[in-house]
Amino acid sequence: MPDDAMLRMEKITKVYPNGIVANNEVDFSIRKGEIHALVGENGAGKSTLMRILFGLEESQKGRILLNGTEIKNESPHIAIANGIGMVHQHFMLVPSLTVAENMILGVEPKKGLRIDLQKAIKDTRALAEKYNLAVDPLAKVQFLSVGIKQKVEILKALYRGAEILILDEPTAVLTPQETKELFSELKLLKKQGNTIIFISHKLHEVKELCDRVTIMRNGRIKGTFNTADVTPTDISRLMVGRDVILEVEKDAAKPKEIVLSVTNLVMANDLGQRAVKGVSFQVRKGEILGIAGVEGNGQRELVKGVTGLERIAHGEVTILGESINRKAIKEIRNLGTCHIPEDRMTYGVAKEMTIEQNVLADKYDSQDYTGRILTKPRAIRDLSQKLVEEYQIKCSSPLQEVGMLSGGNIQKVVVAREFSTNPQLIIADQPTRGIDVGSTEFIRNRLVELRDEDSAVMLVSADLNEVLELSDSLIVMYEGEITAFFEDASKVSEEELGLYMLGIKHQTPEEIGGIVYEK
Amino acid sequence: MKDFLQIIFTTQFGYSVLRVTTPILFAALAALVSDRAGVINIALEGIMLITALTGVLFSTWFHSAWLGLLMAVIMGTLTGMLLGYFHLKLKTNVILAAVALNLLASGGTIFVLYLIAGDKGISSSLASLTLPKITIPLLDKIPVLGPILSGHNVLTYFALLSVFLMHYFIYKTPMGMRIRAVGENPEAADSVGIGVKKTQFIALAMSGMIASFGGAYMSMGYVSWFSRDMTAGRGFIALAAEAMGGATPIGSFLASLLFGFFDALSNSLQLLRVPAEFVQMIPYVATVVGLVLYTAAKRNQYQRMLIKIGRQLEPEK
Ligand SMILES: Nc1ncnc2c1ncn2[C@@H]1O[C@H](COP(=O)(O)OP(=O)(O)OP(=O)(O)O)[C@@H](O)[C@H]1O
Ligand SMILES: [Mg+2]
């Protein structure tokens with residue numbers, strides 16, 4: 001084998017204690033100065049392979065060679081010393097610390113007994129400038145947007161001397177604009193001699209950014225290609241083993257009566273500022289209303305108001321004619337509402353509990369699953385087994401802990417639970433974030449099916465493609481207000497939508513008023 | 001009522017507030033350091049008891065109050081480490097392990113006291129020593145302030161100094177920052193190579209060490225003997241003080257002072273004709289009421305914020 005590889009992982013096998021073979025004799029190698037994509041279905045073993053490389057996980061078999069010599073990455077500490085840095089799927093930052101403090105955590109420069117904060121700030125500035133990653137060293141991390149947090153993560157790795165940078169699904173949480181920015185930063189990094197491993201489910205990104213791509217499936221390597229030689233369709237076929245059609249086929253919506261009605265809603269954010277500024281709209285049975293917008297323009301607070309997660313400061317929300325302003329979440333759910341939350345780890349699942357317990361969480365008190373005193377284990381088992389099969393959740397059994405599933409499979413658990421209650425109103429917040437192409441196709445089709453079965457759907461997504469693809473009608477949020485309403489989403493172009501999302505264009509109040517069908 | 005005011009507005013009362021705040025303050029700072037590392041230490045009560053006895057015994061044997069203090073501090077640190085060993089190494093629940101330590105301390109100290117002093121209640125048969133009181137030159141000449149601030153036990157001054165030391169440690173030193181990081185996001189700390197368990201172990205050891213100053217003060221300053229269960233819940237009151245103080249050194253100090261105030265009040269009121277049982281209840285009731293008011297105030301603040309946000313809208317439209 002011609003050895004142009006800088007880093008080579010050989011015959012890596014990883015079996016988790018629960019018997020799942022996450023990596024099976026994996027050979028993976030990268031060249032110096034390339035951007036190398038790693039793609040594969042949810043649970044294919046991508047994160048696991050990278051965690052082994054970064055010393056967070058130990059493999060049972062195999063070895064890692066760096067420039068021809070074997071290295072043993074037994075802990076992140078050693079991996080960092082070997083010049084490997086990682087930006088994780090879920091951020092690894094300390095919210096109450098500043099950017100500069102996060103940068104130096106674990107490798108603090110000292111002046112006498114105390115931390116030399118001045119040096120930390122200076123170093124952060126210098127590094128940020130060198131790689132064109134604009135961050136404010138004195139800003140507290142908790143107040144930063146995801147896009148900036150990501151930059152901090154990258155800088156953190158570079159500060160520790162990383163030459164090989166692993167990015168685990170960095171774009172899953174970014175807006176199109178932020179993604180574009182990230183790509184130019186990554187290209188700059190490459191130009192300066194760094195090597196990047198890039199994990200993503202968005203194949204056009206892989207095509208745009210990467211030099212080579214390695215495809216994983218079921219813990220094995222399916223092949224490595226020059227991205228120039230393959231199309232996204234080829235890649236997804238190798239990933240899933242069949243052709244994937246991401247275009248959703250759907251008939252025109254046949255909207256009926258109003259399910260969700262929001263009137264003059266005002267919501268506060270965590271900082272006590274007004275994040276939703278008097279918003280009114282309605283969603284009808286049998287239609288999907290998309291809510292587009294750059295992240296952080298009030299969508300999160302809007303969803304919290306509509307689902308009862310936060311108190312409403314002003315205005316009213318009714319579901320099927322009943323006001324929910326003073327209702328508990330359980331009562332709101334009993335009205336037939338379901339919610340796919342944006343942050344699945346906080347609001348979506350109980351990590352330490354099993355898949356079965358998680359899918360039961362919203363229906364444990366239904367007569368189908370609980371008798372007068374005891375639960376009905378048989379019925380519960382049937383339910384969880386059915387859902388695992390239907391949603392193709394990759395697990396050893398429904399009794400596996402949710403925390404042990406791969407990111408995408410956790411999302412599937414949430415979706416399976418929420419869709420299994422014949423909902424009247426579906427609040428879907430980034431429903432396909434971090435999900436592979438095959439499952440994305442499945443979830444999108446399922447949403448359309450539920451619409452056809454007369455559910456009302458409110459879809460919030462930062463993925464422009466998704467909003468345009470799925471929505472029947474569409475509103476745009478900018479700085480807490482609705483700035484545009486499109487009755488027919490299929491007539492909107494991505495460019496036009498972009499102008500409204502960035503606040504460059506703004507419809508008249510009369511045009512926007514069209515989203516309120518009846519007072 | 002007049003008697004009541006006469007009690008509060010005296011320099012003796014001010015002096016006694018500081019005197020009774022001292023052990024609560026040490027324990028609150030001890031709670032703070034472990035809490036910040038993400039391991040709550042509810043064994044403070046037991047650690048203070050153990051170290052109070054340790055101080056008495058060794059000051060008797062060594063004929064030196066300072067060596068007694070030193071042994072108490074060593075003992076406290078070891079007990080903190082023991083808790084760390086149970087929790088971090090043997091993986092017992094930290095609350096259960098601490099409850100066990102508290103029970104062990106309560107019974108164990110009486111047992112040891114009986115073995116050595118031949119008494120199950122009090123150590124008066126031992127010639128134990130106390131740590132010195134310090135008169136601060138110049139300050140003690142100032143009216144009002146002098147009598148309140150001067151002439152305290154050396155540990156009282158050390159407790160006040162510790163507030164600033166703790167502030168410096170937690171916010172300015174690498175170890176302090178690591179402790180905060182571990183408590184807030186252990187996975188993040190792990191991913192930059194900070195040993196989470198190691199850091200928590202160090203924090204528990206420190207917690208035990210700081211609490212031991214409170215324990216030693218109880219038997220070698222506050223009074224000059226050891227008696228059974230003499231800490232009387234101060235280790236738990238301190239946990240409330242730390243929570244009310246928002247887990248910051250300055251906040252914990254202020255909250256400790258508040259609880260110290262009620263403790264002193266209950267001592268002074270015994271002079272009036274108020275039933276003793278009622279008076280002894282005051283510090284504990286104050287703790288509960290304090291915590292309730294604290295959460296109520298937070299809620300209130302949230303409600304007001306919502307109303308303000310909702311109202312701002314109307315003039316705009
Ligand atoms: N800590 C763990 N314990 C047990 N099994 C695990 C653990 N972490 C992951 N797994 C299992 O290993 C397999 C591979 O998971 P991994 O996270 O590597 O997938 P992935 O390719 O990153 O998927 P995704 O795209 O969804 O993030 C999955 O089947 C998962 O359930
Ligand atoms: Mg993953």
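Trainee: How much area is buried between chain B and chain A, and what share do carbon and sulfur atoms give?
Mentor: This is a predicted model, in which local features need pLDDT of at least 70, side-chain atom pairs count only at pLDDT 80 or more and totals for chains, interfaces and linings use all residues, while side-chain values use heavy atoms and leave out hydrogens and water. Residues are numbered from 1 along each chain as its sequence is written, with chains lettered from A and ligands numbered from 1 in the order in which they are written. Buried area is the accessible area (1.4 Å probe) that two parts lose on being put together, summed over both. For chain B and chain A the area is about 2800 Å², and the share from carbon and sulfur atoms is 59%.

Trainee: Which three residues supply 21% of the area that chain B buries against chain A?
Mentor: Chain B brings 28 residues to the contact (heavy atoms within 4.5 Å), and chain A brings 40 residues. On the chain B side, no other three residues supply more of the buried area than M177(B), V192(B) and I309(B).

Trainee: Which side chains meet in a salt bridge between chain B and chain A?
Mentor: A salt bridge needs a side-chain nitrogen of Lys or Arg within 4 Å of a carboxyl oxygen of Asp or Glu. The rule finds one across this interface. At 2.7 Å, N to O, the pair is R178(B) and E108(A).

Trainee: Which helix of chain B gives the largest share of the side that touches chain A?
Mentor: Helices here are DSSP runs (H or I, at least four residues), numbered from the N terminus. Helix 7 (154-172), helix 8 (174-184), helix 9 (186-191) and helix 13 (276-316) of chain B each supply at least two residues of that side. The largest share, ten residues, comes from helix 13.

Trainee: Is S200(A) buried or exposed?
Mentor: S200(A) touches, among others, L38(A), V39(A) and T171(A). V39(A) is 161 residues away in sequence but 6.0 Å away in space, C-alpha to C-alpha. Buried means under 20% relative accessible area, exposed over 50%, partly exposed in between (1.4 Å probe, protein chains only). The relative accessible area of S200(A) is 2%, so S200(A) is buried.

Trainee: Which helix of chain B gives the most residues to the largest nonpolar core?
Mentor: A nonpolar core is a set of buried Ala, Val, Leu, Ile, Met, Phe, Trp, Tyr and Cys residues joined through side-chain atoms within 4.5 Å. Of the 78 residues in the largest one, L69(B), L155(B), M166(B) and F226(B) touch the most other members. With 13 residues, the helix that gives the most is helix 2 (residues 11-36).

Note on methods: Lists of a residue's contacts leave out its neighbours within four places in sequence.
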